[in-house]
Amino acid sequence: MRRKLAMGVHRRGAIGAALALALAVTACGGDEGGDGDSASAGDGDVTLSVSVWNMDTTPEFRAMFDAFEEANPNITIQPVDILADDYDDKLTAMLAGGDKTDVLTMKNVIGYSRYANRGQLMDISDLVGSTDTSDLAGLDAYDIDGSYYAMPYRQDFWLLYYNKGMFDAAGLDYPENITWDEYVQLAEQLTSGEGGEKVYGTYHHTWRSVIQAISAAQTGGDQLGGDYSFFADQYEMALGVQDSGFALDFGTAVAQQADYRNMFETEATAMMPMGTWYISGVLAAAANGDTDVDWGIAPMPQRPDSSEVVTFGSPTAFAVNENAEHADAAKMFVEFAASEEGAKAIAEVGVVPALQNSAITDAYFALDGMPEDDLSRTAFEPDVVELEMPVSETTSDIDTILNEEHQLIMVGDKSIEDGIATMGDRVDSEVR
Amino acid sequence: MSHVTTQPDAARPAPSERGRPPRRQGRSRQVRRNTLVGWSFILPNFVGFALFTLVPVTAAFVLAFMEWNSFGSPEWVGLDNFRRMLGDENFRVALFNTFFYAGGHIPLTLVAALTLAIVLNRKIRGVQFFRTAAFFPYITSLVAVAVVWNMMFNPTLGPVNQILETLGMANPPGWTASTDWAMPAVIITSVWRDMGYYMVLYLAGLQTIPEEYYEAARVDGANAWQRFWHVTLPGLRPVTFFVVVMLTIQSFKILDLIVVMTDGGPGRSTLVLAQLIYREGIREGRFGYSSAIALVLFFIVLTVTVFQFRLNERRKA
């Protein structure tokens with residue numbers, strides 16, 4: 001047929017060429033489809049796709065996948081790697097396009113509530129019901145009207161990192177069971193130097209949770225409620241520390257896009273409230289020789305009237321895509337990730353699993369480079385871990401408002417009272 | 001496929017038609033065939049255009065009157081999205097900020113580009129080097145530009161404020177850390193980045209002004225300022241028109257620089273329309289509302305551009 005076309009006159013040749021091209025293109029498309037089908041079908045061997053972020057720098061995924069593949073030799077995991085900063089945007093776009101990735105990692109609970117409320121996640125309540133979840137921290141966050149659409153495998157919570165060397169040099173006791181007032185005193189005593197050489201007593205990262213989530217957790221305030229007066233004490237503390245020069249000021253931190261890792265690892269700060277995910281980060285930095293900071297972890301400072309150690313945290317979970325190609329294998333994976341085997345696999349790379357028992361804590365503290373003191377172990381077992389941000393349909397909109405007003409308070413554009421009042425007004429008027 | 005290969009035979013007049021004047025028939029077939037060939041040439045391009053531009057743009061127009069969260073079926077809501085916009089403070093803030101940005105970016109870039117072009121249009125040593133240097137920001141990665149300028153604008157340690165302090169300013173602005181100065185900081189950065197590109201356009205424009213005009217003006221006793229005002233500027237009018245139109249469109253769709261530099265902050269002080277569209281659509285999944293805002297942005301740009309064209313026509317006349 002092609003020969004015939006080629007023999008035609010030039011003008012017809014043009015049509016022929018165009019059609020031949022079209023044919024070739026469709027032929028290619030057809031081939032691709034065929035290959036895809038044959039790869040995913042087959043005799044019991046399953047390729048399970050899992051959406052992840054920054055695979056290279058997030059070792060827990062590799063650890064979890066290796067452990068799962070070892071336990072299930074007929075399943076191969078195909079990670080779908082997404083840039084961490086764009087993770088939720090990208091996933092939203094993928095799901096909107098009917099993507100068939102089997103397992104979806106829920107990077108945060110806010111994202112989870114969005115996907116679940118849109119019906120993009122499979123209901124796995126039966127799976128949760130048939131598993132022993134008594135030691136599984138953070139599961140409650142995934143309860144939507146009695147149904148579960150994801151199961152946590154990892155539970156990060158906030159604690160206080162501190163530089164032991166600086167505490168020793170200043171002759172101060174390590175920050176065991178301190179109040180916020182004592183924390184401010186320590187920050188003052190640990191601040192030294194000027195200009196580029198300045199060492200700050202503490203570092204508050206620019207996220208709103210550093211102020212808002214901890215005060216919600218420790219006062220019992222509701223971040224979705226509309227009355228935000230419970231933030232006031234924490235803002236006063238943070239602004240006081242910043243105005244006295246005991247912490248890098250917010251404006252500078254934003255302008256130089258300050259990296260909290262750098263602040264701690266280059267010993268530019270003596271203390272830093274931060275999530276447990278940073279443990280694996282600082283361990284890795286020490287192992288690579290990027291830092292020789294002598295560090296420890298302590299419980300978060302508390303309000304003076306508190307008898308327990310209260311902090312906040314957020315779980316990370318795996319969910320099954322409603323459009324999953326291999327739903328059964330995907331459920332197996334979700335179950336495995338929340339099991340003791342899965343928990344051990346990620347504890348070995350310095351990640352805090354959702355499943356918590358003494359065996360796993362032992363495995364965790366057996367890591368190379370982990371601080372071995374009792375204080376650090378205590379810090380690892382807070383009494384109460386409140387959810388960083390409650391989940392509801394309004395969470396995401398309120399999050400945006402709280403964040404914008406947080407910035408205005410921290411740069412000194414609004415007083416604490418004004419900022420808190422505006423938060424309430426905006427939540428009332430903008431979020432329906 | 002076979003349809004095409006049999007075409008040569010079909011094109012030949014059938015025996016029974018031999019008696020009729022053959023030319024008309026043959027001609028209309030010829031015309032049809034030519035049309036077909038023509039279509040086949042633009043087809044690949046048109047398919048791409050239709051698939052990736054025409055359909056999405058039309059869809060955005062329709063979506064503006066619907067409520068759709070990217071899954072499920074869209075629901076017709078009429079003018080609800082536009083009504084909502086009227087009461088939405090975020091929209092008002094973003095609209096104001098977009099005009100603020102355009103109002104700063106367009107004239108400042110224009111003046112900076114023109115000044116650069118006039119300075120670098122002389123026969124001075126190393127002019128090529130300076131022209132290249134002036135163009136450099138435009139080909140630099142935007143993220144790099146934003147990050148480095150952010151550091152320069154650092155309120156306490158940044159070079160900008162250190163220079164201002166040396167010059168005797170007691171309370172230099174907080175730039176990106178202040179709600180009042182964040183937008184000016186973004187505007188300065190964008191002017192710095194874009195002026196090189198428009199300078200090149202102006203340089204090209206300057207070459208088209210005949211040297212005789214200047215000589216004649218000199219003979220008439222015009223000074224440098226008069227020569228600029230009465231010869232250079234009118235001579236550059238076509239280029240200026242193009243530059244203004246391009247700058248306008250570019251200013252109203254500003255997104256990238258702001259996302260990297262301030263992400264709309266502090267608070268909402270640099271939140272612009274394009275960013276609100278992104279936030280409402282991609283992040284919150286309100287594609288209907290987001291399309292409605294996009295539609296409004298489109299009509300703003302359209303109105304301003306049409307107005308500029310009109311103005312240009314009138315001046316030409």
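**Domains of chain B.** I looked up the domain assignment of chain B in this predicted model and found domain 1 at 2-63 and domain 2 at 80-316. I then took the centres of the two domains over C-alpha atoms and noted a separation of 46 Å.

**Fold and extent of chain B.** I counted 15 helices and two strands in chain B. The radius of gyration is 28 Å, well over the 20 Å that the globule rule gives for 317 residues, so I recorded chain B as more spread out than a compact globule. Along the principal axes, I noted that its C-alpha trace spans about 100 × 70 × 35 Å.

**Burial and contacts in chain B.** I found that 40% of the 317 residues in chain B are buried. Among contacts with a separation of 6 or more, I noted that 68% join residues 24 or more positions apart.

**Surface and charge of chain B.** I entered an accessible surface of about 18400 Å² for chain B, with 66% of it belonging to carbon and sulfur atoms. I counted 29 positive and 19 negative side chains in chain B, and the centres of these two sets lie 14 Å apart.

**M55(A).** I turned to chain A and located M55(A) in the loop between β1 (46-53) and α3 (59-71). Is M55(A) buried or exposed? Its relative accessibility is 12%, under the 20% cut-off, and therefore I entered M55(A) as buried. Leaving aside neighbours within four places in sequence, I listed its contacts as F61(A), R62(A), F65(A), P79(A) and D81(A). I also checked M55(A) against G171(A), 116 residues apart along the chain, and found 42 Å between their C-alpha atoms.

Key: Residues are numbered from 1 along each chain as its sequence is written. Chains are lettered from A and ligands numbered from 1 in the order in which they are written. This is a predicted model: local features need pLDDT of at least 70, side-chain atom pairs count only at pLDDT 80 or more; totals for chains, interfaces and linings use all residues. Side-chain values use heavy atoms; hydrogens and water are left out. Domain bounds come from an automatic or database domain assignment. Helices (H or I, at least four residues) and strands (E, at least two) are DSSP runs, numbered from the N terminus. Buried means under 20% relative accessible area, exposed over 50%, partly exposed in between (1.4 Å probe, protein chains only). Contact means heavy atoms within 4.5 Å. The radius of gyration is taken over C-alpha atoms; the globule rule is 2.2 Å times the number of residues to the power 0.38. Accessible areas come from the Shrake-Rupley method with a 1.4 Å probe; for residues, only the protein chains shown count as cover. Lys and Arg count as positive and Asp and Glu as negative; His and the chain ends are not counted. The place of a charge is taken as NZ of Lys, CZ of Arg, CG of Asp or CD of Glu.
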